[in-house]
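Work through these exercises on aromatic rings with the model at hand. Each task is followed by its solution.

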Amino acid sequence: MSNEKNFSRRRFLQFTGLTLAGAAHAAPAVATEQAASGVGATPPAFARLLRAASLPQPKGARVVIVGGGWSGLTLAKYLKRHNPAFDVLLIDRHPSFVSFPLSNSWLADQINLDFLSHSFFDAADNHDYHFLQATVLGFDRESRKIYTDVGHIAYEYLVLAPGIDYDYARIGVEDAEQQELLFQHYPGGFVSASELLTIKHKIQTFKGGTFVLNVPNGDYRCTAAPYERACMMAAVFKKRRVHAKILLLDMNTGIKIKKDGFHRAFDELYKDYIEYLPSSEISGIDLDAKAVTTEFDEYPFDDAIIYPPIRASRLIDEAGIANPKSPQRAANTDPFRYHVVGDEHVYVTGDSRGQPFSKGGHTAHSEGKYVAEVIAGHALGKDIAWRSPQTMCFSSVEIDPLQAMSIITYYKFNEQTNVFDFDRTHMIEDWDLQGGQASLAWAEGMFRDLFYR
Ligand SMILES: Cc1cc2nc3c(=O)[nH]c(=O)nc-3n(C[C@H](O)[C@H](O)[C@H](O)COP(=O)(O)OP(=O)(O)OC[C@H]3O[C@@H](n4cnc5c(N)ncnc54)[C@H](O)[C@@H]3O)c2cc1C
């Protein structure tokens, strides 16, 4: 027992020095300094990190899921469904869930925040698993333990579904202080609910002038959402009769999805409000001058929402399981089974995944159902055949009443090129009232599945 304690403490101190970069910055320095000198007791602030978290004894093999987003919530429910003997623990750093899908419609007052907000406790209660509000700091695959700000937890299986992080360096903002200021004053609204609240306030109080929005390059979260957001913002400005110009700087060569539908919306509904500028690679942002720089131009703004390119959650990289060939530091996993290469007890799902599937809530949900089966199958020595995730995405373009367009798509593996391609796709680019109603019905169905009975 005491050996185990010493071992844990030593391992933890080594481990924090290596992997805590994304958490409290002071912690690893203090801990490793002590480890190096070999003197001094663990400061009380860190003592709790070295203890086991206070949790009920697991009643079966414990599966820990990191991240209560679309992916983690799906896995928690369906793991229990496929193997009721599992003791499933879902961990999220936030106390409650707020949906990103449909948040653009909320920005334009087409639904209220209650529609998007749900309780992790309801989800856990209705689907027979445990929820813990905690921040995961890292994990040790050798001893099969994760470390959180409320102590460590042993696992039999670990699912990492922590989503994404921004990568400001890819728009030329390298300095940590500038990144922090940019995030605080001009949040992208693609990672946390607080960003969305700030953005809504901006839209509702904007007095007029130039409002810069951008579409990042690379494989970013929710391909249609930045274009949809431009439409919803323009609809609000139009309704409020604000003299505003939305400069939509697209870092890609053209609209990436539902192209005809969005072009028609920009031209027919928001000609006086949206100026769309493709191939606008952002190379810097001057916060004092309030200007965005691209290769050829400089765009002064009165207000902005800056959505930087993204990368997989830093948790993946810091734990040493990122694929070195992945520009977005996505996990190095088996493309069909989702486990970390060489470790069938650790899985990565949702927007942190390595596969190039669309980064969407619906994708994460259909994929989560499959991965739950894979893990349950692994525990029972059963192989589950691969099946494609399904992507379904609604995009609102007009309000009062809400009108939307949609796409459904699947994926297939191309044996010749060794990459995943799109498979059968169904796209409706003529937005209408039925599309608007369908978007609400879709979200309601998803929330019902994840949170209620
Ligand atoms: C504006 C907007 C509109 C969108 N519209 C759509 C849409 O119409 N349709 C659609 O299908 N998708 C849409 N999406 C995309 C969708 O939201 C994401 O693809 C989806 O949320 C991905 O799920 P995830 O579980 O991988 O990540 P997330 O949902 O981001 O969940 C990750 C969770 O992990 C938690 N976490 C991270 N790190 C830690 C840690 N260290 N410790 C504890 N917890 C941690 C976070 O708190 C978070 O709750 C939209 C996204 C945005 C931003």
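**Exercise 1.** Is Phe262 buried or exposed?

Solution. The model is predicted: local features need pLDDT of at least 70, side-chain atom pairs count only at pLDDT 80 or more, and totals for chains, interfaces and linings use all residues. Residues are numbered from 1 along each chain as its sequence is written, and side-chain values use heavy atoms, without hydrogens and water. Buried means under 20% relative accessible area, exposed over 50%, partly exposed in between (1.4 Å probe, protein chains only). Phe262 has a relative accessible area of 0%, so Phe262 is buried.

**Exercise 2.** Classify the ring pair Phe206 and Phe237, then place both residues.

Solution. Rings of Phe, Tyr and Trp (its six-membered ring) pair if their centres lie within 6.5 Å; planes under 30 degrees apart are stacked, over 60 edge-to-face, the rest tilted. By this rule there are 33 aromatic pairs. Phe206 and Phe237 form one that is tilted, with 5.4 Å centre to centre and 35° between the planes. Helices (H or I, at least four residues) and strands (E, at least two) are DSSP runs, numbered from the N terminus. Phe206 lies in the loop between helix 9 (193-205) and strand 11 (209-215), and Phe237 in helix 10 (residues 225-240), so the pair ties together parts 31 residues apart in sequence. Both Phe206 and Phe237 are buried.

**Exercise 3.** How are the rings of Phe262 and Phe266 arranged?

Solution. This aromatic pair is tilted: 6.3 Å centre to centre, 35° between the planes. Phe262 and Phe266 both lie in helix 11 (residues 259-268), four residues apart, about one turn of the helix. Phe266, at 4% relative accessibility, counts as buried.
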